[in-house]
Amino acid sequence: MILKSMQRNGLILAGFAVIATFLVVMTSLLTKSEIERQQQQELLRVLNQIIPASKHNNDLYDSCTLISHPDLGVQPRRVYRALVDGQPTAAAMEVTAPNGYSGAIHLLVAMNVDGSVAGVRTLQHQETPGLGDKIELRKNDWILSFNGQRVNGTDDTRWAVKRDDGMFDQFTGATITPRAVVQAVKRAAIVFEKEQQAWFTAPANCHAPADTINTVGEPQ
Amino acid sequence: MTVVTALIVLGVLALAFGLVLGFAAVRFRVESDPIVDQIDALLPQTQCGQCGYPGCRPYAEAIANGDEINKCPPGGQATINALADLMGVEAKPLDSAHGEEDVKKVAVIREDECIGCTKCIQACPVDAILGAAKQMHTVIAHECTGCDLCVEPCPVDCIDMVPVPVRPDNWQWDLQQIPVKNVESSH
Amino acid sequence: MSAATKAIEAGHIWTFPGGIHPPERKDRSNTTPIEVLPLAKQFIVPIKQHSGPVGDLLVAVGDNVKAGQPLTQVGINNALPVHVPTSGTVSAIGPGRIAHPSGLTDTVITIDADGNDEFYSFTPLADYTTLSRAELLDRIRQAGVAGLGGAGFPTAQKLALQRPLDYLIINGVECEPYISADDRLMREHAQTIIDGTEILLHIAGCEKALIAIEANKPEAIAAFEALLPNYPQLALRVVPTKYPSGGEKQLIQLLTGRQVPSRGLPIDVGLVMQNVGTAFAVAQAVLNGKPLIERVVTVTGDNIAKPGNYWVRIGTTVAELLNQCGFNPVADSKQEQRVIMGGPMMGFTLPDLDVPVVKITNCILVPSNQELAPAAEEMNCIRCGACADVCPAQLLPQQMQWLAKAKDYDGLEQQNLFDCIECGACAYVCPSEIPLVHYYRKAKAEIRNIAREKAKAEVARERFEARQERLEREKQERLERHRKAAEARKKAQAEAVAQGGDNPQDAVQAAIARAKARKAAQAAAAAKQNQEGDDE
Amino acid sequence: MTFKIAASPHTHQRRTTQQVMRWVYFALIPGVLAQTYFFGFGVYIQLALALLTAWVAEGLCMRMRGRPIGHAWQDHTAIVTAVLLAVSIPALAPWWIIVMGTAFAIVVVKHVYGGVGQNLFNPAMAGYVLLLVSFPVQMTSWPIPAELAQIQVSITDTINLIFTGFTSAGYNLEQLRMGIDGMTMATPLDSLRNDLNHQLTLTEALNKPIFGDIAGIGWAWVNLAFLAGGLVLIKQKIISWHIPGGLLVGLLVPSAIYWLFNPDQAITPMLHLLSGATMLGAFFIATDPVTAATSNKGRWVFGLLVGFIVFAIRTWGGYPDAVAFAVLLANMCVPIIDRYTQPVAYGHGGRS
Amino acid sequence: MSTYKELTWQGLWNNNPALVQLLGLCPLLAVTATVTNALGLGLATLLVLVGSNITVSLVREFVPKEIRIPVFVMVIATFVTVIQLLMNAYVYGLYQALGIFIPLIVTNCAIIGRAEAYASKSPWHHAAFDGLMMGLGFTLVLVLLGGIREIIGNGTLFDGANLLLGEWAAGLRIELFTVDYPLLLAILPPGAFIVMGFIIAGKNWIDQYRAARAEKPEKVVTRARVTSQ
């Protein structure tokens with residue numbers, strides 16, 4: 001009785017598991033390249049927004065390098081380097097602001113080689129809708145207020161929200177989110193100033209050769 | 001390769017869980033009090049048939065098979081609520097098509113009119129009527145469930161359903177029900 | 001001797017949680033001695049004045065009876081008898097209003113007094129120690145003695161339980177406001193009470209009695225203090241004034257620090273308690289052979305002209321009693337008058353005045369609406385918890401109130417509803433004037449009712465099933481009989497055929513075949529019709 | 001004359017709900033006076049608005065629920081809710097803040113749950129939290145205490161600020177706050193937390209003018225005034241001392257421990273006690289009988305819990321003060337507190 | 001035909017998963033800050049619900065009672081993952097808008113609830129229709145809740161609809177009013193609970209109102225004779 005029940009249930013469940021896994025795996029295989037293409041396109045779209053075409057004529061996606069820096073967190077970050085005829089002009093790096101109101105905020109910060117901020121975009125966040133989500137460009141153009149700003153060393157007190165006597169607006173009611181973003185961008189800018197020489201000479205090592213995508217969509 | 005690994009890993013995991021579940025299903029089967037008995041225990045056992053079933057137990061079986069729980073007027077709302085609790089469904093008001101909730105009653109035979117036909121004795125579901133052919137019958141009041149099934153068969157209409165009398169020991173503290181004496185003021 | 005026992009011996013007084021201090025107003029009735037009132041013309045004696053079974057009648061309408069003559073007998077169910085209050089004629093036996101909060105009727109015996117007040121013959125007893133325990137108990141039972149403190153439990157029955165006892169407690173606390181019947185009795189008859197206590201000790205087989213009196217009765221305390229030095233086995237305990245320190249369970253806690261287990265009896269913790277009035281009645285019954293036909297009743301309240309304590313024959317109507325004490329009902333005819341039997345905390349109101357004084361009637365309170373304002377309208381509970389603070393049983397009255405309103409009887413039992421002693425302290429302090437105790441009483445009655453119905457349903461089910469079984473058995477027997485008869489017939493036929501006659505079976509077979517064919521044709525036609533219907 | 005049938009007991013102590021509530025709002029008077037002294041005439045306008053809104057909302061709700069309106073007005077519970085909310089919000093907050101909060105407290109938190117005695121949450125605090133999470137700017141804009149203010153906001157300006165948002169000279173509240181001495185005047189707790197977050201030491205943080213000798217200027221006196229009113233309530237046996245006691249202990253003990261181990265980065269225990277809504281919360285809000293625990297033991301636990309949550313949120317949370325959140329969170333725990341602190345009934349094994 | 005009518009009625013009103021069964025509340029409360037989000041989650045749930053209901057109904061013959069729950073979960077998880085992958089690959093914009101909600105659907109008890117309560121006992125076409133109607137009922141409540149919260153908390157409707165429905169939908173955005181200080185509570189989680197409470201109350205009120213107005217059907221019940229066999 002017990003054996004029969006075990007045998008039957010075990011086999012049927014295993015059968016379902018195999019079929020289900022098979023379906024998922026097959027779908028995954030079939031869609032893998034398409035998904036990567038899509039993600040790359042999306043990234044390029046953002047990259048092109050903050051590093052305009054005038055500032056680069058290389059393939060931003062391919063010129064990516066992985067860097068590690070204690071001020072940017074434990075994990076290696078991607079840096080996309082913009083070059084005009086082989087000369088560095090700007091770089092965009094993935095930055096994380098760990099102290100958002102509801103967890104980490106993922107940013108893309110682009111810096112010009114002269115040390116000014118080229119642009120900042122929010123890639124991913126879970127901030128309160130209607131309050132903290134004004135860091136999205138789609139909701140509010142607050143994020144543009146970084147454009148062209150420079151950091152004068154770590155003691156630059158202007159790099160703070162107005163409530164903390166700085167130069168960046170906090171949006172109504174929410175101080176924590178903009179404070180986190182400002183701090184993250186400031187940190188990134190300082191690191192960039194120090195490390196940019198090294199970064200521009202590092203090899204492009206973000207994408208393993210096997211993953212290299214044959215076609216790259218035109219920038220929109 | 002990853003495909004095969006995924007298939008094997010998940011297949012084996014599922015097999016293992018299936019075995020465990022198959023084992024548990026037999027080994028830990030719980031024999032619970034059959035639901036019909038639990039329902040029957042909540043019904044008032046008047047055996048009146050107002051629910052449309054011949055007796056409380058048949059109605060209990062019907063409820064277990066999905067019949068409505070609001071067909072028992074003698075049990076009233078309290079029984080419906082208890083059944084709803086047991087069956088995990090929402091309590092409904094009593095279906096008035098089956099009758100209205102009423103005060104508890106007992107049958108009383110007007111003994112001088114009884115002709116001793118024994119029809120009521122046959123009708124009584126709980127054998128609460130005493131008597132023999134051509135002899136006067138009487139109701140054993142404390143065994144009567146108040147189902148009133150004996151009233152209709154009586155050829156001379158000598159059975160009355162009277163409310164169970166309120167005595168000090170079963171009084172429910174309805175202070176409003178107490179008749180108060182009016183005294184003409186002497187002033 | 002354990003530390004606890006030592007403390008009891010040393011006279012330590014424990015405390016109980018909660019309790020209240022309502023205005024006492026005992027001085028209105030306790031300043032004058034107990035008076036005897038003129039006999040009434042008519043007496044109404046309910047045959048049930050105690051808890052437990054009632055005895056069978058010993059008299060019929062028209063009988064001439066004498067004071068103290070039993071009206072009902074102990075009989076086989078060990079009932080408590082009631083007695084004739086004064087000599088006269090039994091004029092009626094039938095339903096009449098009884099002294100019960102419900103205002104319902106029960107069997108009462110009406111006696112028209114002849115005014116001579118002749119007594120039945122009693123046999124006094126010189127030395128009660130000569131009698132056996134059983135004989136003494138019988139003497140008390142025959143005298144109709146029930147607990148005079150409130151519940152009316154037959155005294156003999158309480159004493160009959162044979163369990164090791166540490167103490168007998170004589171309850172002279174009388175904590176309820178207004179009432180001073182026990183107070184006056186203790187002042188004037190301390191010796192008789194002590195005699196009764198000794199008898200009770202003797203019967204209970206107990207070494208020591210504690211006599212408890214509340215601190216607000218200095219005269220009664222003095223009366224006992226004067227006598228007690230002669231009685232080493234009796235000890236006086238003065239308990240602080242707080243309501244309800246006279247409650248049986250609370251007094252036990254005060255005097256011994258023990259708690260009667262839930263749903264248990266004092267005897268479970270080695271104690272038995274009797275009221276001072278009961279002790280007095282026991283002395284009367286055992287020493288004089290005099291049955292319980294009169295008791296002390298406090299008649300008080302603003303609307304009584306002559307408040308005080310009175311010796312009242314049991315069966316005297318409240319109307320008669322009030323008449324003699326000068327009843328001035330509320331002047332305004334639109335207003336309602338409360339006549340309360342018992343005290344302001346636990347007494348019940350009477351719907352009219354034809355109710356008789358019974359064994360447990362300790363007070364008739366006729367207040368004006370100024371001294372005891374009638375309850376205002378019930379408001380919503382604000383969960384202030386004042387009720388829980390005063391509950392002597394450590395219950396959560398407001399929680400029970402919500403449950404009672406929701407008719408959650410299981411929840412109520414979990415909240416220990418049945419440990420509520422209905423003292424009324426919670427309702428007294430409730431700022432929303434919720435009649436909490438009334439909710440509990442209703443819920444208790446309903447729970448008891450449900451239990452009764454449940455038991456009844458169980459019996460009904462058994463009877464129904466037995467009947468079904470019987471019918472089934474009878475059916476089987478009938479079938480068996482038919483089968484046997486058919487076999488016998490067949491056999492007879494076969495014999496007939498064998499003997500060369502016509503087989504009557506053939507004709508029957510033909511008829512059955514014809515019927516079958518007709519049925520089949522009908523069924524086919526019906527089926528066809530159905531199919532057509534479906535096709536549409 | 002007829003005979004009246006009534007349930008026992010036939011006598012009554014006669015302290016009605018109305019009287020209890022009246023004591024509560026009389027006991028709030030010292031606190032209100034202190035607030036008025038330090039934060040201006042606006043307190044009275046907020047009170048008036050709150051009372052009016054509560055009165056109307058209560059009446060409408062009772063009407064919609066088909067209950068006698070007079071009853072609800074008579075028991076004075078809505079008055080207490082309105083007063084508590086009015087003293088909790090900044091004196092110069094715009095009129096619609098207090099109106100919305102009071103209406104929410106009465107309609108949603110009280111009547112949707114079934115009216116007096118049925119609500120799970122403290123209505124005033126639920127209303128306060130609604131306002132705080134929705135309008136953080138207005139709800140944290142406390143006026144500068146009178147002793148520090150360089151200009152006195154006149155009665156006309158107060159009225160104008162509350163009803164139009166601008167003074168007669170055309171300044172709004174923000175400008176008024178920022179413009180006087182170029183310094184943001186946050187509440188003491190807010191200022192302290194902000195500075196501690198910016199790596200200032202406690203001594204540095206306490207250098208701000210808002211701090212007096214013992215605690216925040218003005219705020220300390222307001223708290224002491226509420227404490228005085230609360231003690232009167234305890235004296236009158238309107239509230240038991242268990243909840244305030246538990247709350248203050250629950251706040252004081254952890255904050256003292258934290259401060260001893262962390263003297264530079266912690267709010268001092270004294271500041272905890274005399275800042276924000278500590279005393280108001282301890283004696284008037286957490287003691288709301290409807291939403292607090294029932295038994296004395298339960299009240300202790302409830303008070304301790306509120307106190308600890310206040311400490312925790314003030315120390316590690318996102319808001320400077322936390323009495324409202326703490327009370328609401330503890331309200332949620334009341335059924336379970338009540339369950340485990342139910343006194344042992346007589347005869348169930350307890351000892352006297 | 002009446003089965004379908006009954007299923008429609010059950011799914012949209014009588015046994016609405018969100019209002020009556022109170023299933024799937026966690027994603028429902030989490031993502032209904034705007035109509036767009038609500039609609040997105042609703043449509044995704046609808047899709048999975050129909051798919052899983054059909055599959056469960058088709059395999060119900062082969063699944064023993066003891067392992068039905070793991071099998072149902074597997075079916076649903078497969079569906080969700082496959083749909084997520086496909087959306088990720090071919091409708092990237094929509095995927096970005098709904099991305100985080102789709103895995104949430106796996107844990108949506110409304111789906112496993114229907115699998116267990118209905119699909120495992122009914123033929124596939126009924127199960128499919130049930131899934132459709134339950135999904136629709138769920139979506140409607142979501143959209144209603146999202147709408148109310150968005151209006152109160154943001155003063156807009158269909159904000160960001162273009163992310164879900166394509167560029168044409170940008171024109172759907174309605175700005176009802178602008179205030180300096182929106183009632184943030186409405187778009188914060190507590191607001192979801194409060195608004196949901198009022199929607200459920202409204203539904204119950206309508207039901208009671210209808211029940212009170214409905215005429216009682218005259219029904220004749222024959223009383224059984226317990227004793228006349």
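# A tour of domains, interfaces and strands

Start in chain A: about 1100 Å² is buried between domain 1 of chain A and domain 2 of chain A, and carbon and sulfur atoms give 71% of that area. Buried area here is the accessible area (1.4 Å probe) that two parts lose on being put together, summed over both. This is a predicted model: local features need pLDDT of at least 70, side-chain atom pairs count only at pLDDT 80 or more, and totals for chains, interfaces and linings use all residues. Residues are numbered from 1 along each chain as its sequence is written, chains are lettered from A and ligands numbered from 1 in the order in which they are written, and side-chain values use heavy atoms, with hydrogens and water left out.

**Stop 1: the two domains of chain A**

Select residues 1-50 of chain A for domain 1, then 55-215 for domain 2. These bounds come from an automatic or database domain assignment. The contact takes 10 residues from domain 1 of chain A and 15 residues from domain 2 of chain A. Contact means heavy atoms within 4.5 Å. The centres of the two domains, taken over C-alpha atoms, are separated by 33 Å.

Which three residues of domain 1 should you show as sticks? Pick Gln40(A), Leu47(A) and Ile50(A): they supply 50% of the area that domain 1 of chain A buries against domain 2 of chain A, more than any other three residues.

Now look for polar links. Two residue pairs are in polar contact across this interface, both at pLDDT 80 or more. A polar contact is a pair of N or O atoms within 3.5 Å; within protein, one must be able to donate a hydrogen and the other to accept it, and residues adjacent in sequence count only if both atoms are side-chain atoms. The touching side of domain 1 of chain A divides into five nonpolar, three polar and two charged residues. In this scheme Ala, Val, Leu, Ile, Met, Phe, Trp, Tyr, Cys and Pro count as nonpolar, Asp, Glu, Lys and Arg as charged, and the others, Gly among them, as polar. The salt bridge count between the two domains is zero. A salt bridge is a side-chain nitrogen of Lys or Arg within 4 Å of a carboxyl oxygen of Asp or Glu.

**Stop 2: chain D against chain C**

Show chains C and D together. The area buried between them is about 4700 Å², with 53% from carbon and sulfur atoms. The contact takes 40 residues from chain D and 69 residues from chain C.

Two salt bridges cross this interface. Zoom to one of them: Lys4(D) with Glu336(C), the closest N and O atoms 3.6 Å apart. The interface also has 24 residue pairs in polar contact, both residues at pLDDT 80 or more.

On chain D, colour β1 (2-3), α1 (17-27) and α17 (296-316); each supplies at least two residues of the side that touches chain C. Helices (H or I, at least four residues) and strands (E, at least two) are DSSP runs, numbered from the N terminus. The largest share, three residues, comes from α1(D). By class, the side of chain D that touches chain C has 15 nonpolar, 18 polar and seven charged residues.

Next, select β12 (residues 336-337) of chain C with β1(D). They pair in the parallel sense over two bridges. Two strands pair if DSSP finds at least two bridges between them. Which residue of β1(D) is the bridge partner of Gln337(C)? Phe3(D) is.

**Stop 3: a sheet in chain C**

Stay on chain C and find the open sheet of four strands, ordered β2-β5-β4-β3 with antiparallel pairing. β2 (42-46) and β3 (64-65) stand at the edges, each with a single partner strand, so one side of each has no neighbour in the sheet. Two bridges join β3(C) to β4 (residues 88-97), and these strands run antiparallel. Label Asn64(C); opposite stands Thr89(C) in β4(C).

**Stop 4: the two domains of chain C**

Select 12-34 + 124-300 of chain C as domain 1, and 379-497 as domain 2. Their centres, over C-alpha atoms, are separated by 38 Å. The area buried between them is about 1000 Å², 58% of it from carbon and sulfur atoms. Pro17(C), Ile20(C) and Arg263(C) supply 41% of the area that domain 1 buries against domain 2, more than any other three residues.

Zoom to Arg263(C). Its side chain meets that of Glu413(C) in a salt bridge (3.6 Å, N to O). The count between these two domains is one salt bridge.

**Stop 5: Phe129(E)**

Finish in chain E. Phe129(E) lies in helix α8 (residues 124-154). Leaving aside neighbours within four places in sequence, Phe129(E) is in contact with Tyr4(E), Leu7(E) and Thr8(E).
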